[in-house]
Amino acid sequence: MEYRKNDIVTLKIEDCGIDGEGIGKADGFTVFVKDAVIGDTVRAKIMKAKKNYGYGRLEEIITPSPDRVEPKCQFARQCGGCQLQALSYEKQLEFKTSKVRGHLERIGGFTDIPMEKILGMDQPFHYRNKAQFPVGKSKDGRIITGFYAGRTHSIIENRDCALGVTRNKEVLDRVIAHMEKFHIQPYDENTGKGLVRHVLIRYGFFTDEMMVCLIINGEKLPGEEALVKSLRQIPEAVSVMVNVNKKRNNVILGEKVRLLWGQPYITDKIGEISYQISPLSFFQVNPYQTGRLYGKALEYAQLSGNETVWDLYCGIGTISLFLAQKAKMVRGVEIIPAAIENAKENACLNGFDNTEFFVGKAEEVLPEQFARTGERADVIVVDPPRKGCDETLLSTIIEMQPDRVVYVSCDSATLARDLKYLCERGYELKKVCPVDMFPNTVSVETVVLLSHKKPDGHINVKVEFGEGEGKVPLDNIAKRAEEYKPKERVTYKMIKEYIEAKYGFKVHTAYIAEVKRDLGLPMYDALNAVEELKKPRKHPTAEKVEAIKDALKHFEVI
Ligand code: SAH
């Protein structure tokens, strides 16, 4: 039967869509009903109708599902933050597992998926270490804060979100009181006028350090000192900042930050590793589960201490440092320069000297580095944004043939697409573990282990040795083998030692770098040397240039 807009239907919800909506059938007509959960029998009003399906609004729950629970937050239905609060946590975990499985089967074409049990939380509330509250005005002109209603920018007033830390409320109370006292206007998206746009709060779960950052449409905030005085009364506060965003767009944070009091960052720990987090840094929002997610990635990487690992899309180096605890060398790549600065600082803070970080696109840096060094990787970890990996990157991974690929994904649809590509080209799906980083929402994170089917791929060629046509003379074999032997990597140290032994003088790294550069040779292998080149210094004498060229010839670099 066909239904039209405004028709009322009664149906039993039998499935759950990827956005958490209930799905049921009325006389063969499929209806998607937001806020209905599997097992409910509901009455819904058709709001939009297509030929065989439509979207309905929940009018009444006739018989509630046995898996329905009372949402902890009274705004759960209107607010855009949570989609699954009305479903028991156990069922939420089932939903997420089957979402991942469904994508791997339908998009990836996989069968017999080696699925591990989803890692869920014991307490699926108050897990977020970061909250960004928009500030606005109610219809009657009061200053309000809360969250955007689903798909709109109207603010649902709520200072006590069930996903955030309980301390947020006190911060918001103090900020709003300050705005009222100093007659500070909230920003109005429609007119572009008003000052305070958002309140960003970050909380270190393992250090109890808190940062409050006001995002303002201007340079200064009236009564800055008074605000600091008020916020300092919160025992966990260590940092009060403002972020300037005068742009008329939806992006929350601007580029400029200014410290009002305390330190410009908070520190938090994941496992044994400490991270400094500033207002602009990307940091996973669920610290308890992040430790488990990274732990799973580390487990899948199977490191013994001798491995060379790439961590692509590394952000502030969070996974990189986790891996660096057990690997010989970890190289991270990330597109945002400031994040790479943080990654380097975090490596230093934790005393790692086996990491190296590159700014750039993963799909450009990895092929470039591989072409230059020819160095293979034992393990490649990727943690891309929702759109997944670029195909150029996947084809480089195929070329490099690491023994294992660990894929950390926040979107199982693009994950399935990328896994299909890799598994059609020599990799095997070994393990899949969903991790619930965002309880009560429809998001699910997944960690996947792929291993190369034949780590040392070989082809069989039949040859006959001896004398005569079509046969390979025996004495040629050793010579041929020598030609194919991979060349030893020539280091600056080897060149220096050679020159000192043969000529009796020392040459500076910068001189070697300069000669290499003049000869058009790649400079990748000594970042310090490249840095040295930028400094003003004398040029090497003709004698030293000759010695360096001789050494390069000796090692067959030229
Ligand atoms: N692994 C990190 C960050 C993951 S989020 C963590 O767990 O904290 C994905 C990251 O990929 C973001 O930091 C984003 O800036 C970065 N990114 C997006 N596109 C990229 C690309 N093409 N190459 C490299 N990094 C990219």
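This tour goes first to the ligand and the residues around it, and then to a patch on the surface.

The model is predicted, so local features need pLDDT of at least 70 and side-chain atom pairs count only at pLDDT 80 or more, while totals for chains, interfaces and linings use all residues. Residues are numbered from 1 along each chain as its sequence is written, and side-chain values use heavy atoms, with hydrogens and water left out.

Select the ligand and the 17 residues around it (a heavy atom within 4 Å), of which Tyr294, Thr318, Glu334, Ala362 and Asp383 come nearest. This shell divides into nine nonpolar, four polar and four charged residues. Colour α5 (318–324) and α7 (362–373), DSSP runs of H or I with at least four residues, since each supplies at least two residues of the shell.

Next, display the polar contacts, pairs of N or O atoms within 3.5 Å. A side-chain N or O atom of threonine 318 lies 2.8 Å from a ligand oxygen, a polar backbone atom of alanine 362 is 2.9 Å from a ligand nitrogen, and a polar backbone atom of isoleucine 335 is 3.3 Å from a ligand nitrogen. Of the 570 Å² of accessible area (Shrake-Rupley, 1.4 Å probe) that the ligand has on its own, the protein covers 88%.

Finally, move to valine 557, in the segment after α14 (542–554), which is partly exposed (between 20% and 50% relative accessible area) at 32%. Together with Leu519 and Ile558, Val557 forms a nonpolar surface patch with about 210 Å² of accessible area; patch members have over 30% relative accessible area and no salt bridge (Lys or Arg side-chain nitrogen within 4 Å of an Asp or Glu carboxyl oxygen), and nonpolar side chains are joined within 5 Å.

Terms used: Patches are made of residues with over 30% relative accessible area and no salt bridge: like charges are joined within 9 Å, nonpolar side chains (Val, Leu, Ile, Met, Phe, Trp, Tyr) within 5 Å. Buried means under 20% relative accessible area, exposed over 50%, partly exposed in between (1.4 Å probe, protein chains only). A polar contact is a pair of N or O atoms within 3.5 Å; within protein, one must be able to donate a hydrogen and the other to accept it, and residues adjacent in sequence count only if both atoms are side-chain atoms. Ala, Val, Leu, Ile, Met, Phe, Trp, Tyr, Cys and Pro count as nonpolar, Asp, Glu, Lys and Arg as charged, and the others, Gly among them, as polar.
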